[in-house]
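Got the viewer open and a hand on the mouse? Let's take a walk through this one together, stop by stop.

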Amino acid sequence: YVQNVAPGDSAAWVLEELNRRIDRFTYRPESVKELPSSGWSTPPHFANADEQANLNDIIASSLNGAPTFAAGVEFYEARFKKDKGSQEAAKRMQDGRWTRKQQQGDVAPARQRLVSVKPDHSLDKVVHLCKMDSWGAVSAAPLRVPGNASAPAASLLLAPEWLFSHFPYGIFFPAYRVCHAASWGWASLSPLEQ
């Protein structure tokens, strides 16, 4: 969900870069060989064009100020190629240091740039989450365009966990148990409240 994006600002760069990467890896999968840790790859190239994996790398790129393809593209190139019998990929996937570098090398420093934003507790009376401990702080950070200090900054606000409490992963199962516990009084609630 994107709002308040202005042409040329950092949030616009994030969206444009996402489109560039999806296009690149969809229509030029061989370009994965141009990446810093994937020059070894041979056809057929996996060239992960998944938008969420690429978005994660782009956000890390923006927060760190340097482009990265490590977690969303390069790690999956090796993982896919290993599963298809590539010895070079298998060697990389067996190297714990290489794997950690791909998965966390750029993501961990980006996470350190996040700041905690506390919710407005004056709204507590209207918040009806059956797992109220999920009504906590969210993370935010300033976005930048790597290599372009003059581009206007934009803000990133990571969605709070409770926003996804209806999906069957993460907070869903503990919230479901609490919501249906006798102490919550689920059975006595109206259909609208349920």
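## Stop 1: a serine tucked away

Select Ser62, which is buried, with a relative accessible area of just 1%. Keep in mind as you look around that this is a predicted model. You'll find Ser62 in helix H2. Now show what surrounds it: leaving out residues up to four places away in sequence, Ser62 touches Trp13, Val14, Leu143, Arg144 and Pro146. Hang on to Leu143 from that list, as it leads to the next stop.

## Stop 2: the sheet

Stay with Leu143 and look across to strand E3, where Ala154 stands opposite Leu143. Now colour the strands. How many are in the open sheet, and in what order? There are three, in the order E1-E2-E3, with antiparallel pairing. As general background, the strands of a sheet pair through backbone hydrogen bonds, and they can be parallel or antiparallel.

Which strands stand at the edges? Select 115-117 for E1 and 154-157 for E3: each has a single partner strand, so one side of each is left without a neighbour in the sheet. Turn the view a little and follow the twist, which averages 35° from one strand to the next.

Next, pick out the bridges:

- Strand E2, residues 138-143, is joined to E3 by four bridges, and the two run antiparallel.
- Select Pro142 and you can find its bridge partner in E3, Ser155.
- Select Ala140, and the bridge partner in E3 is Leu157.
- Between E1 and E2 there are three bridges, again with the strands running antiparallel.
- Select Val117, whose bridge partner in E2 is Val138.

Now show the side chains along E3. Where do they point? They alternate: Ala154 and Leu156 point to one face and are buried, while Ser155 and Leu157 point to the other face and are not buried.

Before you move on, bring helix H2 back into view by selecting residues 51-64. This helix lies across E2 and E3, and runs at about 65° to E2.

## Stop 3: rings in pairs

Time to show the aromatic side chains. The structure holds three aromatic pairs, and we'll visit two of them, starting with Phe46 and Phe80. This pair is stacked, with 4.7 Å centre to centre and 20° between the planes. Trace the chain from one ring to the other: Phe46 is in the loop between helix H1 (10-27) and H2, while Phe80 is in helix H3 (residues 70-83), so the pair links distant parts of the chain, 34 residues apart.

Are these two rings buried, exposed or something in between? Phe46 counts as partly exposed because its relative accessibility is 32%. Phe80 is partly exposed too, with a relative accessible area of 23%.

For the next pair, select Phe75 and Tyr76. Here the arrangement is edge-to-face: 5.2 Å centre to centre, with 80° between the planes. Phe75 has 6% relative accessibility, so it counts as buried, whereas Tyr76 is partly exposed at 29%.

One more ring deserves a click. Select Phe69 together with Arg21: the charged end of Arg21 sits over the ring of Phe69, 3.8 Å from its centre.

## Stop 4: a serine in a loop

Now go to Ser86, in the loop between H3 and helix H4 (87-94). Is Ser86 buried or exposed? It is buried, with a relative accessible area of 17%; the cut-off for buried is under 20%. Follow its side chain and you'll see that it reaches the backbone nitrogen of Ala89 at 3.1 Å. Then select Trp40 and Lys81, which Ser86 touches when residues up to four places away in sequence are not counted.

## Stop 5: the last residue on the tour

Finish at Gln104, in helix H5 (residues 96-104). Gln104 is partly exposed, with a relative accessible area of 36%. What is it in contact with, leaving aside neighbours within four places in sequence? Select Pro109 and Arg111 to see both partners of Gln104.

For a last click, select Ala70 along with Gln104. These two are 34 residues apart in sequence and 8.6 Å apart in space, going from C-alpha to C-alpha.

Definitions and conventions
Residues are numbered from 1 along each chain as its sequence is written. This is a predicted model: local features need pLDDT of at least 70, side-chain atom pairs count only at pLDDT 80 or more; totals for chains, interfaces and linings use all residues. Side-chain values use heavy atoms; hydrogens and water are left out. Two strands pair if DSSP finds at least two bridges between them. Axes are lines fitted to C-alpha atoms, for helices over the stretch in contact, and angles run from 0 to 180 degrees between N-to-C directions. Contact means heavy atoms within 4.5 Å. Rings of Phe, Tyr and Trp (its six-membered ring) pair if their centres lie within 6.5 Å; planes under 30 degrees apart count as stacked, over 60 as edge-to-face and the rest as tilted. Buried means under 20% relative accessible area, exposed over 50%, partly exposed in between (1.4 Å probe, protein chains only). A charge sits over a ring if NZ of Lys or CZ of Arg is within 6 Å of the ring centre and within 35 degrees of the ring normal. A polar contact is a pair of N or O atoms within 3.5 Å; within protein, one must be able to donate a hydrogen and the other to accept it, and residues adjacent in sequence count only if both atoms are side-chain atoms.
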